Amino acid sequence: MKVAIRDDDTSYFTKPKDLQRAYDFLNEDDCVSLSVVPYTVPVHRDDVFPYGKEIGMGYYDIAENTELLEYLKKKYKQGKVDILLHGYSHEYQLSENKWLAEMKWKSSSQLKEEIPKGKRHLEKLLGMNISVFVAPNNSIDKKAISVLEDLQMNYSGIIGVRDRKVNLRYIYNFIIRWGFRIVKKVQYPGIMNYGKHKELNAYTIDNYERLIYEYHICKARKVPFVIYTHYWQLNTDEKAKKLIKQIYNYVIKDGAEIVPLSECFK
Ligand SMILES: [Zn+2]
């Protein structure tokens, strides 16, 4: 049984010790899948400060954090981290009193320029290929998905409604996933193939019983179980840390293996 732990928001501001502290409960052979922001902003919306409150506005290039890059390269070679692309800057924009996440408010032409640029930047800095995309706030629509298809990337995240190109495969997947959701009351488990890209749901770590139920649904269907969190949250919220440790202990005891998320699409 494959289990992947996705951790979002690694960026210029991340210190290796922040990641080590968040995942101090893992075993030697486990792998954390880090979704990385290439040119991050310091604040999410105007009230979430993943990196602290005292940072000036602007875009911060991960290339400037060489300590982090060396750490990631080393850990990737050892198989202890996987690298995913997490947007470009993670910037939100306010529209009619609602905060829109990056993949929603940016224009098609901006996304076409920025997503490949961010991907190339990280790949060059880390000397590797990145094949999985994670949308900031798990919000995405067909504009960004078409860029991912051009880049032959797969998508990790929660799937919304009416946000994909409508074709036969979309309709088939739509019926399957919503049918499943209505009957089982949980997100569809397993990989959905949209032809030019694949998608795999990631479960929010919020409730022990529900997550164990979802784990067993994945196990019964022999598909990977992916959970996601944020290292900065694990380091500041005791409850969140306790919950992920409980889930981790459960799946390890059950014989699961913690694998790179990129491998789950193969
Ligand atoms: Zn994020």
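**Zinc site, cores and surface patch**

His 90 has a relative accessible area of 3% and therefore counts as buried (buried is under 20% relative accessible area, exposed over 50%, partly exposed in between, with a 1.4 Å probe and protein chains only). The model is predicted, so local features need pLDDT of at least 70 and side-chain atom pairs count only at pLDDT 80 or more, while totals for chains, interfaces and linings use all residues. Residues are numbered from 1 along each chain as its sequence is written, and side-chain values use heavy atoms, with hydrogens and water left out.

His 90 sits in the loop that links β5 (81-85) to β6 (93-95) (strands are DSSP runs of E with at least two residues, helices runs of H or I with at least four, numbered from the N terminus). Its phi is positive, about 65 degrees, although His 90 is not a glycine.

The NE2 atom of His 90 is a protein donor of the zinc ion, along with NE2 of His 86 and OD of Asp 9, and these lie 2.1 Å from the ion (donors are N, O and S atoms within 2.8 Å of the metal, or 3.2 Å for Na, K and Ca; water is not among the atoms, so sites may look incomplete). Along the sequence, the donor residues follow the spacing D-x76-H-x3-H. His 86 is also classed as buried because its relative accessibility is 1%.

Asn 138 likewise has a positive phi, near 55 degrees, without being a glycine. Asn 138 belongs to the loop between β8 (132-133) and α5 (142-150), and with a relative accessible area of 14% it is buried.

In soluble globular proteins, nonpolar side chains tend to be buried together. Here the largest nonpolar core has 57 residues, and Tyr 23, Ile 115, Phe 133, Ile 140, Phe 225 and Ile 227 have the most contacts inside it (a core joins buried Ala, Val, Leu, Ile, Met, Phe, Trp, Tyr and Cys residues through side-chain atoms within 4.5 Å). Helix α9 (residues 238-253) supplies the largest share of this core, six residues. A second core, separate from it, has 12 residues, including Ala 4, Val 226, Leu 261 and Phe 265.

At the surface, Val 166 is exposed because its relative accessible area is 62%. Val 166 lies in the loop between β9 (154-156) and α6 (168-184).
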